[in-house]
Amino acid sequence: MTTENIEHKIVHEARNAPVHGAPKHFFNSQPGPSYIKDMAQYKKMYQQSIEDPEAFFGKMATDYLYWDKPFSKVKYGSLENADVAWFLNGELNASYNCVDRHAFANPDKPALIYEADSERENRIITFGELLTQVCKVAGVLKSWGVKKGDTVAIYMPMIPEAIVAMLACVRLGAIHSVIFAGFSSGSLKDRIVDAGCKVLITCDEGRRGGKTIHTKKLVDEGLNGVDSVSHILVFKRTASPNIPMKAGRDFWWHEECEKQRSYLPPTPCNAEDPLFLLYTSGSTGSPKGIVHTTGGYLLGAALTTRYVFDIHPEDVLFTAGDVGWITGHTYALYGPLVLGTASIIFESTPGYPDYGRYWRIIERYRATHFYVAPTALRVIKRLGEAEIAKYDISSLRVLGSVGEPISPDLWEWYNEKIGQNNCVICDTMWQTESGSHLIAPLAGATPTKPGSATLPFFGVHAAIIDPVTGIELKENDVEGVLAIKSSWPSMARSIWNNHAHYINTYMKPYPGFYFTGDGAGRDHDGYYWIRGRVDDVVNVSGHRLSTAEIEASLVNNDCVSEAAVVGIHDELTGQAVIAFVQLKKQLPIEEEGASPDDLRRELILQVRGEIGPFAAPKTIILVRDLPKTRSGKIMRRILRKVASNEADQLGDLSTLANQDVVPAIIDAVNIQFFNAKKK
């Protein structure tokens, strides 16, 4: 059996997955002993967090957060009634917890390490400097009338000033709504209008991959016809001389900050006051603003950063994610800064100016933790593997994976090529709505299995539910949908101005449970295997097939770069498997004169042989590229709509990084189906 088939078998039969203990080198290289030393300690703490969450999280909240006013009750409400609340009547300020207390104790300690698009512009911001900058921007906002409960939009690239802007908002008790700087003017407008933002913080231009992004121009287009925004604060990122500024509305960051004091007292906020909004796209209609609250979210960010990654104060965390997404919020800003740990802020791309960029960053700052999406790893594996050996990345102790399930073969590559078999790999399962990790190994304590997110985090009472009967499957070796049986501190509390949609989406599908929307399996060891979104599970003639499993089989072919599988309605089998396959640039099959139909047949036979005839795609669509979000996730709902002849019902496409590929995919589907019918 080939290596690829063995790795595929690990996915197909979770019970056969090998267990990887924490490498010995991990314990010798960290600055101190692991916070969680072994599985016995994890199990004891986990049991307490489930059976007595008031005692467990009450102590954690007191230990890790500074409270202006102590909370009177730890937990209230239920999932069934969607009236969840944590740390009732307690008051605190997120900016103080992230900045002030560390600046007072050690003002010269690095807080943000800025790795700019051009490496000549790199800089380090200490906690003392960060406090001054945050206070000055907060002073500007306050002078404009921004107060507790107001919403402020932030539309900036991944630069330190984006972090400063976020912390300045929450210093006043205002709610920040960060909008990814790659969004179009129309997407920007939709989010600003929905949130009712009265102020926007942006920059003149952005830089990414050596290219200039006309940020302010997009802002001006997006605000056309929007009356709610009274002030715009503009940071000079490129100092372009041709930036239009509207008198009375647009103001330069540096000019306004010069007018402000270096210290502005933080505003105490109730633990349940909203901290931020973060918009996600639905399959139809407008994006929905996920609401996270101050106390619970901060604690979830702090605890998962500390215990999942085993972060120590002297560590350096490199989260290769943007603050336009939840990963950047939790693990580039709030998690590390609450703990007083240095965070690397990365503005550029992994391939600019070459594919050694990540490794130079790690070598330059002696980063101890690296957190990245499998999509980026696949690109590096395909195009930049040779660059890795040029750099000293031996400082790494923990490698994280985020955004989608990581396949066993990529897990092994990550472990060998980046971790050099000396690092712990943390495959983390969570989502915008969860605020922080739901299922993940604890570095130094949890034995791992390639492809498995392993075990639930403290307070996460995970369950597998039969999607047909709605009954919880309490035994092991089961497959179903992943749900949570009780609230945890960092869970989203609502959808902005649409609580009914929040209840219908997360609480009503399985009453008494929070529905994650993911399919999952639990093996004989109790380890969880995430199969992807439930709508990415195909049921063919009674066989429930994970699309990730079929995709893994397709990618094993030397000609295939990436694959995305969806299910569409079929009169005979209930659903049929449709595979969208992206090919590599140079195809041996083309050199040999074989036709695309030959490749399609080869791929179908490959799936039949590795999984079974029932899993074989009914149709394979060859495409140049797949539709992906800015965070690298393949938007399978778009592929499903197109394959179902519903291209006129694609819904919101604003989170796509490459919207231009959609028409080509529609054409490819039409041609393929037309040719098939003609034959």
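Leucine 79 has a relative accessibility of 4% and therefore counts as buried, the cut-off being under 20%. The model in which this residue is described is a predicted one. Leucine 79 lies in the loop that joins β1 (73-76) to β2 (85-88). Beyond its neighbours within four places in sequence, leucine 79 is in contact with Val84, Ile484, Lys485, Ser486, Ser487, Met491, Met507, Gly512, Phe513 and Tyr514. Its C-alpha atom is separated by 43 Å from that of arginine 249, and the two residues are 170 residues apart along the chain.

**Helix α16**

One of the contacts of leucine 79 is Met507, which is also among the buried residues of helix α16 (residues 499-507). The buried residues of this helix are Tyr502, Tyr506 and Met507. They lie on the same side of α16, because the arc they cover around the axis is only 75°. The elements against which the buried residues of α16 pack are β15 (288-293), β24 (494-495) and β25 (514-522).

**Helix α13**

How many of the residues of helix α13 are buried? In α13 (residues 357-365), 7 of 9 residues are buried, and the helix is mostly covered. The buried residues are Arg357, Tyr358, Trp359, Arg360, Ile361, Ile362 and Tyr365. Their packing partners include four strands, β4 (110-115), β16 (316-319), β17 (342-346) and β18 (369-372), together with the helices α14 (374-383) and α15 (408-418). Arginine 366, just after α13, takes a positive phi of about 50°.

**Helix pairs**

The table lists three helix pairs with the approach and crossing angle of their axes.

| Helix pair | Axes come within | Crossing angle |
|---|---|---|
| α6 (residues 127-143) and α7 | 8 Å | roughly 60° |
| α7 (residues 160-171) and α12 (residues 326-338) | 12 Å | roughly 60° |
| α17 (residues 547-555) and α19 (residues 596-610) | 9 Å | roughly 120° |

Helix α7 takes part in two of these pairs. The axes of α6 and α7 cross at roughly 60°, which makes α6 oblique to α7. The crossing of α6 and α7 is right-handed. On the α6 side, Leu130, Leu131, Gln133, Val134, Cys135, Val137, Ala138 and Leu141 meet Glu161, Val164, Leu167, Ala168, Cys169 and Arg171 of α7. By class, the residues of this contact comprise 11 nonpolar, 1 polar and 2 charged.

With α12, helix α7 again forms an oblique pair, and the crossing is right-handed. Here Ile163, Met166, Leu167 and Val170 of α7 meet His329, Leu333, Tyr334 and Leu337 of α12. The contact of α7 with α12 has 7 nonpolar residues, 1 polar residue and no charged residues. Leu167 of α7 thus appears in the contact with α12 and in the contact with α6.

How are α17 and α19 oriented to each other? Their axes cross at roughly 120°, and the two helices are therefore oblique to each other. Helix α17 passes α19 in a right-handed crossing. In this pair, Ile550, Ser553 and Leu554 of α17 meet Leu603, Gln606, Val607 and Glu610 of α19. The classes represented in the contact of α17 with α19 are 4 nonpolar, 2 polar and 1 charged.

Notes. Residues numbered from 1 in each chain as written. Predicted model: local features only at pLDDT ≥ 70, side-chain atom pairs only at ≥ 80, totals over all residues. Heavy atoms only, no water. Buried < 20%, exposed > 50% of the residue type's maximum accessible area, 1.4 Å probe, protein only. Arc of directions from axis to C-beta. Contact = heavy atoms within 4.5 Å. Axes fitted to C-alpha atoms, helices over the stretch in contact; angles between N-to-C directions. Parallel < 35°, antiparallel > 145°, perpendicular 65-115°, else oblique. Left-handed = near helix turned anticlockwise from the far one by under 90°. Nonpolar A, V, L, I, M, F, W, Y, C, P; charged D, E, K, R; others polar.
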